[in-house]
Amino acid sequence: MSSSKNAPVFWMNGRLATGLSQVSNDPSCLADGGFWALSTTFEGDFQAFKFDHVIEASFPTSPWQKIEGQWSSSLNESQYVTYVKKVQEHIAQGWVYQVNACREISIHVDVEDLRGLFSKILEGNPAPWASYLEAPGINIASASPELFLKRDGGRIRTSPIKGTAPAGTVDFGVKDKAENVMIVDLMRNDLGQICKSGSVTVPRLLSTESHPGLVHLVSDIEGELKDEITWTEIFNRLSPPGSISGAPKSSAVSVIKDNEGKRGPYCGALGWVQGDKCELSVAIRIFYKDDKLRFGTGAGITWASVAEDEWEETQLKARRLVSLAGGQL
């Protein structure tokens, strides 16, 4: 790690990248074969950071002073319940089948960066796609459990999560299973636009995965990319991720736009690309810092949803991570 305290850095799954040499807002930059860390927003903004030094290393830990005070939510419980019922009206009208309804909690902090918080996450809430990005204008500490896209040459895989329950839950209900299958269909369709005809398969459907404090329902969709496909086309076709928008995607996105503020990096993609390889997570369970410390939390809404239960799911998803950061939910 550079000796400078605030030198840009990226870490994911044992890859530590330093030596920032280039910044780009154009996905075509990824064609140069270099190592790029990237963050996209839910709304489609793209930011990539080229790092020249990449080594296998643990994340360099830093201390974290717990936050004091109350987190404020963009929607309180009754507003969120109203939002859920609005989504169900759209479902009744046949406009959508499922919408991922989110809210943002935020708190003022006086910290230079989130390295200490990410150190706490790695220790107290290890996640398969945990990652850290700190570069000019961006600082994200992620505990993402969800793979958006893994690429190795022409093979790609996405592993949407739909269905969340407290740790120890053995069987998911009909609502969670139906929701997962809807998103699998959506992602099969998305992958079908960039993959060779007939190559898209679902090798894993409705698998239960344990995560700290939670269990999730996860499926895998795989495919073989069309020849000559570009990163620009891949991002255009797959963004935003289906699991955090809804089905059909375009209708769900318009419902979200009408009921939420900007999500920003929350629910975008976060990870790295190098040549024809990538590991990109869905940027959920992330803390990011601008003028405040922000954390998004949401739930998938279907016709079978009980609005108050969905609010509790958003609390469940936030509770463990907020307990690491500090402050009251």
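## A strand in the middle of things

In strand β16, the residue that bridges to L38 is G271. Strands here are DSSP runs of E with at least two residues, helices are DSSP runs of H or I with at least four, and both are numbered from the N terminus. L38 belongs to β3, which spans residues 35-40. Before going on, note that this is a predicted model: local features need pLDDT of at least 70, side-chain atom pairs count only at pLDDT 80 or more, and totals for chains, interfaces and linings use all residues. Residues are numbered from 1 along each chain as its sequence is written, and side-chain values use heavy atoms, with hydrogens and water left out.

So what does β3 pair with? Strand β16 (residues 269-274) runs antiparallel to β3, with five bridges between them. β3 also pairs with strand β4 (residues 46-56), again antiparallel, through six bridges. To count as a pair, two strands need at least two bridges found by DSSP. On the β4 side, you'll find K50 opposite W36. The hairpin made by β3 and β4 has five residues between the strands, and G44 there takes a positive phi near 110°.

## Covered on both sides

How many of the residues of β3 are buried? Six of its six, so the strand is mostly covered, where buried means under 20% relative accessible area, exposed means over 50%, and partly exposed is in between (1.4 Å probe, protein chains only). F35, A37 and S39 point one way, while W36, L38 and T40 point the other way, and all are buried.

Over in β4, I55 is another story. I55 is partly exposed because its relative accessibility is 47%. The C-alpha atoms of I55 and Q274 are separated by 14 Å, with their places 219 residues apart along the chain.

## Two helices

Helix α3 takes in residues 174-192, which is 19 residues. From its first C-alpha to its last it reaches 27 Å, close to the 27 Å expected at 1.5 Å a residue; that expected span is 1.5 Å times one less than the number of residues. Its buried residues are K175, D176, E179, N180, I183, V184, L186, M187, D190 and L191.

Which residues of helix α4 are buried? They are W231, I234, F235 and L238. Look down the axis of α4 and these buried residues fall within an arc of 95°, so they line one face of the helix (the arc is that of the directions from the helix axis to the C-beta atoms). A general rule helps here: an α-helix has 3.6 residues a turn, so residues three or four places apart point the same way.

After α4, the loop that leads to β15 (246-247) holds S243. S243 counts as buried because its relative accessibility is 3%. Its C-alpha atom is separated by 27 Å from that of S119, and the two are 124 residues apart along the chain.

## A nonpolar patch

V181, V202 and L205 form a nonpolar patch on the surface, with about 210 Å² of accessible area together. Patches are built from residues with over 30% relative accessible area and no salt bridge: nonpolar side chains (Val, Leu, Ile, Met, Phe, Trp, Tyr) are joined within 5 Å, like charges within 9 Å. The areas come from the Shrake-Rupley method with a 1.4 Å probe, and for residues only the protein chains shown count as cover. L205 sits in strand β13 (residues 201-211) and is partly exposed, at 47% relative accessibility.

## Opposite charges

Side chains of opposite charge can pair when their charged atoms come close. How many salt bridges does a search of the whole structure find? The count is 22, taking a salt bridge as a side-chain nitrogen of Lys or Arg within 4 Å of a carboxyl oxygen of Asp or Glu. One of them joins E279 and K150, at 3.0 Å from N to O. That pair links distant parts of the chain, with E279 in strand β17 (residues 277-282) and K150 in strand β10 (residues 147-152), 129 residues apart. E279 is buried at 8% relative accessible area, whereas K150 is partly exposed at 30%.

Another salt bridge brings D227 and K196 together at 3.4 Å, N to O. D227 lies in the loop between β14 (214-224) and α4 (231-238), K196 in the loop between α3 and β13, 31 residues apart. D227 is exposed at 58%, and K196 is partly exposed at 35%. Then there's R294 with D290, at 2.8 Å, N to O. Salt bridges that share partners join E104, D290, D291 and R294 into one network.
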